[in-house]
Amino acid sequence: MMRNFQSSRIAVIGAGNIGGTLGKLWADAGHQVVFGAADPAAVDPLLAGIDGNAAAATVSVAIDKAAIVLVAIPFGAWPSFGNKNAARLADKVVIDATNPDPGRDGAIAEQALSSDDGSLLFVTEFAPAALLVKAFNTMQASVLRNQAHRAGAPLAYAIAGDHTDAVELVAQLVEDAGFDPVLVGNARTAKRFDRGTSVWNNPMTADELTKALDQSPT
Ligand SMILES: NC(=O)c1ccc[n+]([C@@H]2O[C@H](COP(=O)([O-])OP(=O)(O)OC[C@H]3O[C@@H](n4cnc5c(N)ncnc54)[C@H](OP(=O)(O)O)[C@@H]3O)[C@@H](O)[C@H]2O)c1
């Protein structure tokens with residue numbers, strides 16, 4: 001069954017470099033955005049720089065208000081985030097923009113990077129009933145901020161997930177943010193653009209990214 005997410009609010013969990021930038025891009029594109037933060041008042045400076053429809057709430061309230069959730073927190077925070085919110089994430093499109101970083105996240109990042117399944121299937125344990133999609137993890141926040149809606153061929157984000165309608169929705173959100181989507185495959189294929197792969201932190205157009213993925217290990 002095709003779900004209707006189109007008119008839904010987006011919860012952005014993590015109002016930092018990636019969440020703050022994407023939330024602004026989506027609000028500018030006409031989406032309703034609610035940032036979820038431990039201290040919603042701390043998001044006020046970010047909200048002051050957004051002309052579109054954006055607000056802040058606690059993490060749980062933000063998720064409850066939305067059908068789409070961007071997770072832009074440190075990878076190492078996934079277990080505690082999932083522990084508190086797995087039930088409320090059920091049946092929502094959950095976009096995982098996190099990267100396992102051993103220097104920041106420790107052993108859990110090492111485990112995810114050495115897993116045959118890649119980082120998206122790794123975090124499924126923390127949000128088992130969510131419609132998980134990997135996206136927005138491959139380019140630095142400065143590129144996201146400065147290259148959105150650029151002149152000429154847009155830069156591209158790789159997308160992977162098991163739920164076709166959720167993947168298609170996230171592809172639209174990539175376009176709304178000012179980039180091209182490249183659909184890679186099911187959740188396991190997120191491994192092909194995880195941290196440390198040749199296409200990670202290597203901004204490319206959709207044609208270039210598609211060719212690079214074709215030449216990379218499957
Ligand atoms: N920075 C980049 O260029 C980049 C690019 C692609 C992907 N990523 C990935 O995106 C994620 C976010 O990176 P970032 O640079 O945006 O980080 P950041 O600027 O440090 O922001 C992280 C945000 O997550 C929040 N947070 C931390 N633990 C949380 C929890 N348990 N529940 C809810 N919110 C929590 C933090 O809130 P508090 O401040 O209140 O703790 C903060 O707002 C990381 O996984 C990173 O690897 C980053």
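In this predicted model, H149 is found in the loop that lies between helix α8 (141-147) and strand β7 (156-161). This residue counts as partly exposed because it has 13 C-beta neighbours inside 10 Å, whereas a residue would need 20 or more such neighbours to be buried and 12 or fewer to be exposed. Although H149 and G103 are 46 residues apart along the chain, what separates their C-alpha atoms in space is a distance of 32 Å.

**The shell around the ligand**

- There are 24 residues around the ligand, and those that come nearest are G14, G16, N17, T98 and N99.
- The elements that give two or more residues to this shell are α1 (17-28) and α4 (78-89), and α1 provides the largest share, which is three residues.
- When the residues of the shell are divided by the character of their side chains, 14 are nonpolar, nine are polar and one is charged.

**Strands β2 and β3**

- Strand β2 (residues 33-36) and strand β3 run parallel to each other, and they are joined by four bridges.
- One of the residues in this pairing is V33, whose bridge partner in β3 is A54.
- Along β3 (residues 54-57) the side chains alternate between two faces, with A54 and A56 pointing to one face, where they are buried, while A55 and A57 point to the other face and are not buried.
- A54 therefore appears twice in this picture, as the partner of V33 and as one of the buried residues of β3, the cut-off for buried being 20 or more other C-beta atoms within 10 Å.

Notes
Residues numbered from 1 in each chain as written. Predicted model: local features only at pLDDT ≥ 70, side-chain atom pairs only at ≥ 80, totals over all residues. Near = placed C-beta within 6 Å. Nonpolar A, V, L, I, M, F, W, Y, C, P; charged D, E, K, R; others polar. Pairing = 2+ DSSP bridges.
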